[in-house]
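This report follows one acidic residue and the core around it. Please look over the sequence and the model below.

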Amino acid sequence: ILKIKKVKEGYMNFFTSDIHFCDESTMRSDNRPFKNIKCYDKFIINNFNKMAKATDTIYVVGDLLDCDGPGTNEWIKGLKLIKKIKAKIVLIIGNNEQRIIKHFFNNSFNDFVDACKSYGIAEVHRSLDVEFCGKKFHLVHQIKDGDKRKINLFGHTHLCMGLYHP
């Protein structure tokens with residue numbers, strides 16, 4: 001998790017990606033050291049709640065959820081976990097959310113956004129430009145979609161740092 005210092009008194013901004021709630025296979029392939037996916041999910045939620053207050057924002061730069069295709073429902077279980085997180089969640093969609101939109105929302109981004117909001121996600125974006133401490137950041141899941149004029153915060157690579165400044 002990348003933590004940006006207070007930009008206004010009383011709150012912090014946190015940045016993370018590739019949480020993959022309810023996804024046992026990613027937990028194993030990334031060697032995330034948990035007995036099972038329920039322990040992993042609980043740890044992430046507890047960690048968020050320990051670090052971030054209700055006045056804080058957690059930017060998830062893609063793959064908060066998981067989707068292996070039309071026959072899966074882990075993403076719904078993952079959405080249900082969001083209400084347990086105290087901080088405001090801002091989601092920049094990743095490749096897994098794109099699959100959810102395709103297979104479960106008939107390619108309707110707006111319907112996906114409405115569903116996310118009903119589970120407690122404050123905002124959902126394809127990409128997002130933000131400014132902190134006089135620096136412009138472009139938040140996007142994959143660096144191939146980055147903006148060469150800004151500092152890019154991205155995910156997708158799992159075990160690598162997602163910060164690129166051209």
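In which helix does Glu-97 lie? Glu-97 lies in helix H4. The model is a predicted one.

**Helix H4.** Five residues of H4 are buried: Asn-95, Asn-96, Glu-97, Ile-100 and Ile-101. Their cover includes H3, E4 and H5. Just after H4, Asn-106 takes a positive phi of about 50°.

**Glu-97.** Glu-97 is buried but has no salt bridge. The nearest side chain of opposite charge is Arg-99, 8.3 Å away. A salt bridge needs a side-chain nitrogen of Lys or Arg within 4 Å of a carboxyl oxygen, so Arg-99 does not qualify. A backbone partner is present instead: the nitrogen of Leu-64 lies 2.8 Å from a polar atom of the Glu-97 side chain.

**Contacts.** The table leaves out neighbours within four places in sequence.

| Residue | In contact with |
|---|---|
| Glu-97 | Gly-62, Asp-63, Leu-64, Leu-65, Leu-91, Phe-112 |
| Val-124 | Leu-91, Ile-93, Phe-109, Phe-112, Val-113, Cys-116 |

**Cores.** The largest nonpolar core has 37 residues. Those with the most contacts inside it are Phe-21, Ile-58, Leu-64, Phe-112, Ile-121 and Val-124. Elements that each supply at least two residues of this core include strands E2 (11–16), E3 (57–61) and E4 (88–92). Helices H2 (37–51), H3 (74–81), H4 (95–104) and H5 (109–118) each do so too. Apart from this core lies another, of twelve residues, among them Phe-15, Val-61, Phe-132 and Ile-151.

Glu-97 touches Leu-64 and Phe-112, and both are listed among the residues with the most contacts inside the largest core.

Technical notes. Residues numbered from 1 in each chain as written. Predicted model: local features only at pLDDT ≥ 70, side-chain atom pairs only at ≥ 80, totals over all residues. Heavy atoms only, no water. Core = buried A, V, L, I, M, F, W, Y, C linked by side-chain atoms within 4.5 Å. Buried < 20%, exposed > 50% of the residue type's maximum accessible area, 1.4 Å probe, protein only. Helix = DSSP H or I, 4+ residues; strand = E, 2+ residues; numbered from the N terminus. Contact = heavy atoms within 4.5 Å. Lys, Arg positive; Asp, Glu negative; His and termini not counted. Polar contact = N/O pair within 3.5 Å; in protein donor to acceptor, adjacent residues only side chain to side chain.
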